[in-house]
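Hi everyone, thanks for making time this morning. I'd like to walk you through one chain, starting in the middle of a sheet and then working outwards. Please have the viewer open so you can follow along.

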Amino acid sequence: MDHDLAVKLAAIPSLRDKLNLHRGFHQVKNDDWTTTRPIENTREAYKQAAKLNARYAECDIWSSADNQLFLCHNNTVEAYCAEPLPEHAKQEVSKLSWDILKSTKYKDGSNPVLLADVLLDLSQTSTKLVVELKDQRSGLGLADFLTANVALVPVVGLVFSFDLEAVVDFAASYGKQRDAPAIPPLALLTEASDFDCTKQRFTTYLDTAVSIPAAPKRSNIELKELIKTYKIGMYIEFSDGLFESTDALVNLREDCCAAIGGDIPVIGIWTSRKTHADVDNVKTLAKFAPFVDFINTDLPHEFFT
């Protein structure tokens with residue numbers, strides 16, 4: 001890890017405390033400076049994030065065939081595996097047992113890691129884990145896990161997903177436990193191709209969307225009721241219109257407050273290196289920090305340039 005990076009981040013606390021280290025502090029594709037970093041969603045990626053005193057670090061979770069929650073972004077481990085590829089490399093991770101998954105050797109010598117181990121590591125630090133649910137099974141599994149391990153609930157900074165049903169299943173199942181700590185904040189991830197807050201108000205989107213990718217089987221009325229019931233915020237993809245004005249973020253916060261009945265919802269921004277690699281730097285992200293709670297970052301080489 002570049003030790004100067006921790007010093008530089010400490011010098012910008014107002015932004016640092018909004019940054020959400022995407023998949024941990026990990027290697028970034030096509031960025032030679034990061035080749036010595038751990039592979040994404042590995043145990044070391046979150047230990048390194050904690051050493052940077054990052055406020056948040058994001059992970060992706062699946063439930064294995066035998067109901068063990070583990071970290072992985074893709075639905076197979078093929079992209080991470082060392083050669084020669086194991087027989088299971090191209091099989092869907094949710095259909096594999098944890099015994100098979102944990103034997104997988106990644107290119108940097110690491111192995112897949114259980115969510116429990118990462119949470120335990122971070123429980124001794126100031127870094128909170130942001131958990132992306134990859135499917136509905138992982139939502140139900142996370143609810144069961146946290147109700148059985150209540151001491152780890154405060155380590156979770158946010159639970160979100162592109163699948164509204166996964167968020168709802170987590171919230172509904174967790175909410176059945178009377179003595180459990182307060183539920184972590186919740187948010188729905190959206191792509192700009194589906195919802196662009198610079199082109200449409202959120203209230204209009206909820207009223208008029210014919211089919212919402214995150215919940216294709218839900219009516220507009222059902223969608224609004226779920227967002228209100230479970231106080232689900234929005235984690236939106238960056239769009240070019242935000243370069244011109246941040247008013248849309250103010251409006252989004254206002255509309256989300258109205259949608260969930262007056263409470264203050266979570267608002268976050270994520271970006272894609274494929275379409276907006278130029279956004280992931282301190283100068284640009286600092287512009288949006290006052291208006292949101294979370295901002296995804298890969299901390300690329302050019303972050304401070």
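Let's start at one spot: glycine 268, which stands opposite phenylalanine 294 in strand S9. Before I go on, please keep in mind that this is a predicted model.

Glycine 268 sits in strand S8, and S8 is joined to S9, residues 294-297, by 2 bridges, with the two strands running parallel. Now turn to the other neighbour of S8. Strand S7 and strand S8, residues 267-270, also pair in the parallel sense, over 4 bridges. Here glycine 268 turns up again, because I can point to tyrosine 235 standing opposite glycine 268 in S8. A little further on, glutamate 237 has tryptophan 270 of S8 as its bridge partner.

So what lies on the two faces of S8? On one side you find Ile267 and Ile269, on the other Gly268 and Trp270, and all of them are buried.

Let's move over to S7, which covers residues 232-237. How many of its residues are buried? The count is 6 of 6, so S7 is mostly covered. If you look at the strand face by face, Ile232, Met234 and Ile236 are on one side, while Gly233, Tyr235 and Glu237 are on the other, and both faces are covered. For those of you who like charged side chains, notice that Glu237 is among the buried residues here.

One more step across brings us to strand S6, residues 186-190, which pairs with S7 in the parallel sense over 5 bridges. To find that pairing on screen, look for threonine 190, whose bridge partner in S7 is isoleucine 236.

Now let's zoom out. The chain holds 13 helices and 9 strands. Its C-alpha trace spans about 50 × 45 × 35 Å along the principal axes. For 305 residues, a compact globule would have a radius of gyration near 19 Å, and the chain agrees with that at 19 Å. Buried residues make up 52% of the chain. Of the contacts with a separation of 6 or more, 70% are between residues 24 or more positions apart.

And the outside? The chain exposes about 13,800 Å², and carbon and sulfur atoms supply 50% of that area. On the charge side, there are 32 positive and 43 negative side chains, and the centres of the two sets lie 2 Å apart.

Next, a couple of places where distant parts of the sequence meet. Take proline 112, in the loop between helix H4 (98-102) and helix H5 (115-122). Is proline 112 buried or exposed? Its relative accessibility is 9%, so proline 112 counts as buried. Leaving aside neighbours within four places in sequence, proline 112 is in contact with Trp98, Leu101, Thr104 and Tyr106. Its C-alpha atom is also separated by 7.9 Å from that of asparagine 41, which is 71 residues apart from it along the chain.

The second place is arginine 137, in helix H6, residues 136-148. Arginine 137 has 32% relative accessibility and therefore counts as partly exposed. Among its contacts beyond four places in sequence are Ser63, Ser64 and Asn67. Tryptophan 62 is 75 residues from arginine 137 in sequence, yet the two C-alpha atoms are 7.6 Å apart.

Last topic: backbone geometry. Most residues other than glycine have a negative phi, and most peptide bonds are trans. Which residues have a positive phi here without being glycine? Asparagine 41 is one of them, with phi near 60°. We met asparagine 41 a moment ago as the partner of proline 112 at 7.9 Å. Asparagine 41 lies in the loop between strand S1 (19-21) and helix H3 (43-51), and with a relative accessible area of 2% it is buried.

Leucine 299 also has a positive phi, about 45°. Leucine 299 lies in the segment after S9, and is buried too, with a relative accessible area of 1%.

And where is there a cis peptide bond? Look from glutamate 83 to proline 84, where omega is near -5°. Proline 84 is found in the loop between strand S3 (69-71) and H4.

That's the tour. Thanks for listening, and I'm happy to go back to any of these spots on screen.

Methods. Residues numbered from 1 in each chain as written. Predicted model: local features only at pLDDT ≥ 70, side-chain atom pairs only at ≥ 80, totals over all residues. Heavy atoms only, no water. Rg over C-alpha atoms; globule rule 2.2 N^0.38 Å. Buried < 20%, exposed > 50% of the residue type's maximum accessible area, 1.4 Å probe, protein only. Contact = heavy atoms within 4.5 Å. Areas by Shrake-Rupley, 256 points an atom, 1.4 Å probe, with all protein chains shown as cover. Lys, Arg positive; Asp, Glu negative; His and termini not counted. Charge placed at Lys NZ, Arg CZ, Asp CG, Glu CD.
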